[in-house]
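Here's a quick briefing on one chain, with the charged side chains and the strands as the main topics. Have a look at the structure first, then read on.

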Amino acid sequence: MPTARDLRYPPETFLPVLEHYLDYSPGYGVFTWLVAVRHAAAFSQAGWVSKKGYRYISIENDRFLASRLAWLMVHRRWPDDEIDHINGDKLDNCVDNLRLVTPAQNRQNTKRVRDGLKGAYRSTNTAHPWMA
């Protein structure tokens, strides 16, 4: 399901803005600035890597996951669900490495495993510290 941010930026109006600022190489999964922006020179790699290891890109004072922007630029629509990096590399945003998955399917990729249970993860609920 598209996020609230996705809904604020309909593809038909946001794609021209995106394509004004960014070039996306589907084979390499790399975004490059086409114009100089206040924090980067033209033709430099766009975005930054978060503490969790995902690349984010700011466009017009809003932050987007690079994987969602890649999906939008190739498929001309926002992803309907979460995006999974098939090879597990969060920075590999090649279109062939991205697939749509449900949140439950995406949780199966978690590195945290309890008693060998695939998809188990730590919960903030102290009564039930592990969820699947």
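Bear in mind that this is a predicted model. To begin with a charged residue, R99 is partly exposed, with a relative accessible area of 38%. Its salt-bridge partner is D84, with N and O 2.8 Å apart, and D84 is buried at a relative accessible area of just 4%.

**Salt bridges**

- How many salt bridges does the structure hold? The count is four, and three of them are described here, including the D84 pair with R99.
- D84 sits in strand β6 (residues 82-85) and R99 in strand β7 (residues 98-101), so their salt bridge ties together parts that are 15 residues apart in sequence.
- R8 pairs with D62, and the closest N and O atoms are 2.9 Å apart. This one links distant parts of the chain, as R8 belongs to helix α1 (residues 4-8) and D62 to strand β5, 54 residues apart.
- Are the two ends of that pair buried or exposed? R8 counts as exposed because its relative accessibility is 53%, which passes the 50% cut-off. D62 is buried, because its relative accessible area of 13% is under the 20% limit.
- R77 and D80 also meet in a salt bridge, at 3.3 Å from N to O. Both ends count as partly exposed: D80 has 43% relative accessibility, and R77 has 35%.
- As a general point, side chains of opposite charge can pair when their charged atoms come close.

**R55, a buried charge without a partner**

- R55 is found in strand β4 (residues 55-59).
- Which side chain of opposite charge is nearest to R55? That's D89, but D89 is 9.4 Å away, and R55 is buried yet has no salt bridge. The gap is beyond the 4 Å cut-off for a salt bridge, so this pair doesn't count as one.
- What the R55 side chain does reach is the backbone oxygen of G47, at 3.3 Å.
- Leaving aside neighbours within four places in sequence, R55 is in contact with a list of residues that includes Q45, A46, G47, W48 and V49. Also among the contacts of R55 are F64, L65, A66, L91 and N93.

**The β3-β4-β5 sheet**

- Three strands make an open sheet, in the order β3-β4-β5, with antiparallel pairing. β3 (48-49) and β5 (62-65) are at the edges with a single partner strand each, so one side of each has no neighbour in the sheet.
- β4 and β5 run antiparallel and are joined by four bridges. I59 stands opposite D62 of β5, and D62 is the residue that forms the salt bridge with R8.
- Helix α3 (residues 66-75) lies across β4 and β5, and runs at about 80 degrees to β5.

**The β1-β2 hairpin**

- β1 and β2 form a hairpin with four residues between them. In the turn, G29 has a positive phi of about 75 degrees.
- The pairing of β1 with strand β2 (residues 30-33) is antiparallel and spans four bridges. S25 has V30 of β2 as its bridge partner.
- Which residues of strand β1 (residues 22-25) are on the covered face, and which on the uncovered one? L22 and Y24 make up the covered face, while D23 and S25 make up the uncovered one.
- In a regular strand, side chains alternate between the two faces of the sheet.

Note on methods
Residues are numbered from 1 along each chain as its sequence is written. This is a predicted model: local features need pLDDT of at least 70, side-chain atom pairs count only at pLDDT 80 or more; totals for chains, interfaces and linings use all residues. Side-chain values use heavy atoms; hydrogens and water are left out. Helices (H or I, at least four residues) and strands (E, at least two) are DSSP runs, numbered from the N terminus. Buried means under 20% relative accessible area, exposed over 50%, partly exposed in between (1.4 Å probe, protein chains only). Lys and Arg count as positive and Asp and Glu as negative; His and the chain ends are not counted. A polar contact is a pair of N or O atoms within 3.5 Å; within protein, one must be able to donate a hydrogen and the other to accept it, and residues adjacent in sequence count only if both atoms are side-chain atoms. Contact means heavy atoms within 4.5 Å. Two strands pair if DSSP finds at least two bridges between them. Axes are lines fitted to C-alpha atoms, for helices over the stretch in contact, and angles run from 0 to 180 degrees between N-to-C directions.
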